[in-house]
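User: I've got this model open on my screen and would like to talk through how the chain is put together. Can we take it step by step?

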Amino acid sequence: MDEFHPLSEFIEDLPEFSVSPQNGMDENVRVEYVYSGRCPETGMTVSLPRTPEAEAIARSLMRQLSNTPSLTTEGKMFGVLLVIAPDGRPGVLKAFSGLLNGQNVVPGWVPPIPGREQIVVEEERTVARLDAIQAQLIALRSRPEREDYDRWQ
C-alpha cells in the first residue's frame with residue numbers, strides 16, 4: 001500500500017501508543033476532540049479522535065508541504081489519519097481535497113473517493129434547486145400582498 005507512511009516520515013520521538021481493532025484507542029491516549037458521524041450504509045455512528053499525536057503529524061505535513069516550492073497547495077484541505085497496519089505498525093495516511101498540482105491521483109496520497117464525479121453532479125443539481133427556491137422566496141417577499149399580510153399579524 002503506497003499510501004501508508006511510517007510515523008518517522010512526520011515526527012520523531014512520538015510516544016508509544018496502542019490501538020486494537022476490537023477495543024478502540026488505549027485509554028492512555030489523550031483525545032482533544034472527537035469527530036463523529038453516521039455511516040450512510042450501516043447507520044452506525046462512527047468516531048475519529050483528534051489526538052495531540054495526529055495534530056503533530058498534521059503540523060509536520062504542513063511544514064513538508066511549505067518546503068516544496070513546486071507544489072501548488074493554495075486553497076487545499078489536507079488531512080492525516082493515524083492508523084495501525086494489520087501487522088501492528090503505526091503509520092499515517094494522508095489525503096487532499098480537489099486537485100494537487102492539477103492531479104487528483106498523486107502517488108503517496110490516498111486516492112479520491114470512487115464516484116466523486118456523480119457526487120459533483122448531484123451537488124450541482126442541489127445548488128440549482130436551492131437557487132430556484134431562493135429566487136421564489138425573494139419574489140414572494142416583494143409582492144404587494146406581503147405588506148397586507150405583515151399588517152394583519
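User: What pattern does the protein follow, read along the sequence?

Analyst: Keep in mind that this is a predicted model. The secondary structure comes to 3 helices and 7 strands. Read along the sequence, those elements give the pattern β-β-β-β-β-α-β-β-α-α.

User: Which strand pairs with β7 over 7 bridges?

Analyst: β7 has bridges to β1 (residues 5-6), but there are 2 of those, and the two strands run antiparallel. The 7 bridges, also in the antiparallel sense, go to a strand that forms a hairpin with β7, with 5 residues between them. That partner, spanning residues 78-84, is β6.

User: Which residue of β7 is the bridge partner of His5?

Analyst: Start from the β6 side, where Leu82 has Val92 as its bridge partner in β7. Turn to His5, and its partner in β7 is again Val92.

User: Is β7 mostly covered or open, and how many of its residues are buried?

Analyst: For the whole protein, buried residues make up 19% of the 153 residues. β7 itself is mostly covered, and its buried count, out of 7 residues, is 5.

User: Which element gives the most to the largest nonpolar core?

Analyst: That core has 11 residues in all, among them Leu7, Ile57, Val92, Phe96 and Trp109. Two elements, α1 (52-66) and β7 (90-96), each supply at least two of them. The top contributor, with 3 residues, is α1.

Note on methods
Residues numbered from 1 in each chain as written. Predicted model: local features only at pLDDT ≥ 70, side-chain atom pairs only at ≥ 80, totals over all residues. Heavy atoms only, no water. Core = buried A, V, L, I, M, F, W, Y, C linked by side-chain atoms within 4.5 Å. Buried < 20%, exposed > 50% of the residue type's maximum accessible area, 1.4 Å probe, protein only. Helix = DSSP H or I, 4+ residues; strand = E, 2+ residues; numbered from the N terminus. Pairing = 2+ DSSP bridges.
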